[in-house]
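Please open the model in your viewer, with a cartoon view and a way to select residues by number. The stops below are meant to be taken in order.

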Amino acid sequence: MKWNRVVVKLGSTIIILFLVVLLPMGFVINQILTSFYQKNIQDNIKALSTRYAQALSDGASTAQTIKTIAEFSDVKFFIINNTGKIIANSGLITITEDASLPDKDIAPLFEGKSLSMDYEEPTTSNRYMVYGSPVMLENTVVGGVFVLSSIEGMHQSIQNVQRLLLLSGFGAFLLALGFTFVLSKKLSTPLIQMEQATRRIAKGDLGTRVRLKSNDEIGSLAQAINELALDLKNYRDTRNEFFSNISHELRTPITYVDGYAKVLKNKLYQNEAEKEHYLDLIASESNRLTLLIEDLFELSKMEEGKVSLEMEWIDLTEVMENAIHKCRLKVNEKGLQLDYHFDKQLPLIYGDGLRMEQVFTNLLENAIRYTNEGHIHAAINKENNKVSILIEDTGFGIPEEELSQIFNRFYRVEKSRSREYGGSGLGLAIVKKLIELQGGNIQVSSELNKGTRFEIEFIVPTSPGGGVESEVG
Ligand code: ADP
C-alpha cells in the first residue's frame with residue numbers, strides 16, 4: 001500500500017478527526033454521568049438522614065421505627081448517641097451496636113452541622129456514601145442519624161452506560177471507516193482516470209479525452225485536460241501544416257534557381273539575350289526566397305511576442321502618403337488609378353510609424369497585384385472615437401467562403417496564380433498581427449470579380465471634454 005495516496009491521506013485525516021471528536025466527547029459524557037449519579041445518591045441520603053433526624057428530634061419516631069422503614073428501602077443507617085456510641089444499626093454487618101465512631105470524624109455533628117463522607121466496610125469491601133445529620137433536643141445535639149447508600153450499584157450502572165457508549169462509539173467508528181473508504185474511492189477514481197489520460201496525452205495520444213461529467217472542481221479539471229489535449233492537437237496539426245507549407249514554398253524557388261543554373265552551366269541557351277533572361281530569373285527567384293525567409297522570420301518573431309514596436313503618436317495621413325508614394329510606380333506601370341481621401345482634423349494614433357507604413361504598403365501592393373483594371377481607393381475616416389483606414393480595389397475579389405482564411409499563413413486564393421503574381425502568402429498574416437499589436441483590428445469584405453475592401457479600425461482615447469486627445473489639422 002502506498003502511504004502517499006490521496007485515499008490513505010484523506011482516510012486517515014477523517015479517522016483522526018473522528019477520534020479527536022469522539023474520545024473527549026466520551027470522556028465528558030462519562031464525567032457528567034458519574035457526577036449525576038453521585039449527586040442523585042447524595043441528595044437522596046441527605047433527605048433521608050435529615051428526615052430521620054427530624055423525626056427522632058420530634059419524638060415522632062423511634063430507632064426501631066426507622067429501622068423498619070429502612071428495611072423497606074435500599075439504604076442502611078445507624079444512629080449514635082451523644083457520646084458517639086452506635087445505638088441502632090440496620091444491615092451493616094461489621095458495625096456492631098455499642099461500637100463508637102472516632103471523635104474526629106463526628107466532631108462537626110456535635111456542632112450542629114451535617115456531614116458527608118465515604119465509608120468502606122472492612123470485611124465485604126462494600127463502599128458507601130454516608131450522610132449524617134444531628135438529632136437535636138432543646139437546641140442540644142443528643143446524637144446523630146447516618147444514612148448510607150452503597151455506591152456499588154452506581155458503579156454498576158455507570159459501567160453499563162460506559163459499555164453502551166463504547167459499543168456505539170465503535171459502531172460509529174466502523175461506519176466512519178466505511179464512509180471514508182467510499183468517499184476516498186469516489187474522489188480518487190476520477191483523479192486516477194485523469195492521471196492516466198494526461199500520461200497518454202504526454203506520450204502523444206492527443207485524441208485522449210477524460211470522460212467525466214460532474215459540475216464541481218474535478219469536472220472542470222477534466223474539462224481543462226480535454227481542452228489542453230484539443231489545443232495541443234490543433235497546435236500539432238497547424239505546426240505540421242506550417243512545416244509542409246514552408247518546405248513547399250522554399251522548394252519551389254530553389255528548384256527554379258537550380259534548373260536555370262544548370263541551363264547556364266550546360267550552355268543550353270541560344271544567345272546572350274536568353275542567357276541574360278535566365279540570369280534575371282535566377283535573381284528574381286533568389287529575391288523571392290530572401291523575401292520569404294524575411295517574412296517567415298518576422299512572423300515567427302511576432303508570434304513569439306519578440307517584436308518590439310516603437311510606439312509614439314503618429315499622423316496616419318503622413319504614413320499613408322508615404323506608402324502611396326512608394327506604390328505609385330507600380331500603379332502607373334499597371335495603368336491603374338489611385339485616389340485617396342483623408343478626413344480633416346484626424347486624431348493622432350498611438351502606434352509604430354514604420355510598422356504602420358509596412359501594413360499600408362502591403363495592402364496597397366496586394367490591391368495593385370490583384371487588380372488588372374479599374375482603380376484603387378485609400379481613405380482615412382473619423383467617426384466619434386473611431387478612426388478607420390480603408391483600402392479598396394476593383395480587382396479579382398475573393399470568394400466569400402475563403403474570406404475567413406486569407407489571414408492564415410500561406411493561404412492563397414488561387415494557388416496557381418501565386419507564382420504569376422509573386423508574394424509569400426504571409427503578407428496578410430503579418431498585417432493582421434501588426435495591427436493587433438498596435439491595438440487595432442482588421443476586417444475584409446469582397447465580391448468576386450468586383451473588388452476587395454480592407455478596413456482597419458483604431459479606437460482613440462477621448463479626453464474628458466469629449467474631444468479626441470490630440471489632432472492634426
Ligand atoms: P500574398 O503574398 O500571396 O499576396 P497575402 O497574405 O498578402 O499573400 O494574401 C493572401 C491571399 O489573399 C493572396 O494570395 C490573394 O489570393 C488574396 N488577396 C489578398 N489581397 C487581395 C486583394 N486585394 N484582392 C484579391 N485577393 C487578395
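What follows is a tour that goes from confidence to two sheets and then to a pocket.

Before selecting anything, note that this is a predicted model, in which local features need pLDDT of at least 70 and side-chain atom pairs count only at pLDDT 80 or more, while totals for chains, interfaces and linings use all residues. Residues are numbered from 1 along each chain as its sequence is written, and side-chain values use heavy atoms, with hydrogens and water left out.

**Confidence**

Colour the chain by pLDDT, the predictor's confidence in each residue, from 0 to 100; the chain averages 86, and 93% of the residues score at least 70. Now select residues 464-473, where pLDDT stays under 50 and the model has 21 contacts beyond four places in sequence (a contact means heavy atoms within 4.5 Å). Where pLDDT is low, the predicted coordinates should not be read in detail.

**The sheet with antiparallel pairing**

Helices (H or I, at least four residues) and strands (E, at least two) are DSSP runs numbered from the N terminus, and two strands pair if DSSP finds at least two bridges between them. Select the open sheet of five strands in the order 2-1-5-4-3, whose pairing is antiparallel; strand 2 (86-90) and strand 3 (115-120) are its edges, each pairing on one side only. Strand 1 (residues 76-81) is joined to strand 5 (residues 140-150) by six bridges, and within strand 5 you will find Val145 opposite Ile79. Add helix 1, which lies across strand 1, strand 3, strand 4 (127-137) and strand 5 and runs at about 30° to strand 4; such angles run from 0 to 180 degrees between N-to-C directions, with axes fitted to C-alpha atoms, for helices over the stretch in contact.

**The mixed sheet**

Move next to the open sheet whose five strands follow the order 7-10-11-13-12 with mixed pairing. Its edge strands, strand 7 (337-342) and strand 12 (441-447), each pair on one side only. Strand 7 runs parallel to strand 10, with six bridges between them, whereas strand 10 and strand 11 pair in the antiparallel sense over eight bridges. Ile376 is a useful residue to select here, as Leu338 stands opposite Ile376 in strand 10 and the bridge partner of Ile376 in strand 11 is Asp393. Two residues separate strand 10 and strand 11 in a hairpin, and Asn384 in the turn has a positive phi of about 50°.

Show helix 7 (residues 316-334), which lies across strand 7, strand 10 (375-383) and strand 11 and runs at about 175° to strand 7. Helix 8 (residues 353-369) also packs on the sheet, touching strand 10, strand 11, strand 12 and strand 13.

Which residues does His377 touch, leaving aside those up to four places away in sequence? They are Asp339, Tyr340, His341, Leu390, Ile391 and Glu392. The C-alpha atoms of His377 and Ile14 are separated by 75 Å.

**The second largest pocket**

Finally, select Leu22, Gly26, Leu165, Leu166 and Gly169, which among the 15 lining residues lie nearest the centre of the second largest pocket. Helix 1 (6-58) and helix 4 (152-202) each supply at least two residues of this lining, and helix 1 gives the most, with eight. On a 1 Å grid over the protein atoms alone, a pocket is an open set of points where a 1.4 Å probe fits, with protein on both sides within 12 Å along at least five of seven lines, and lining residues have an atom within 4 Å of a point.
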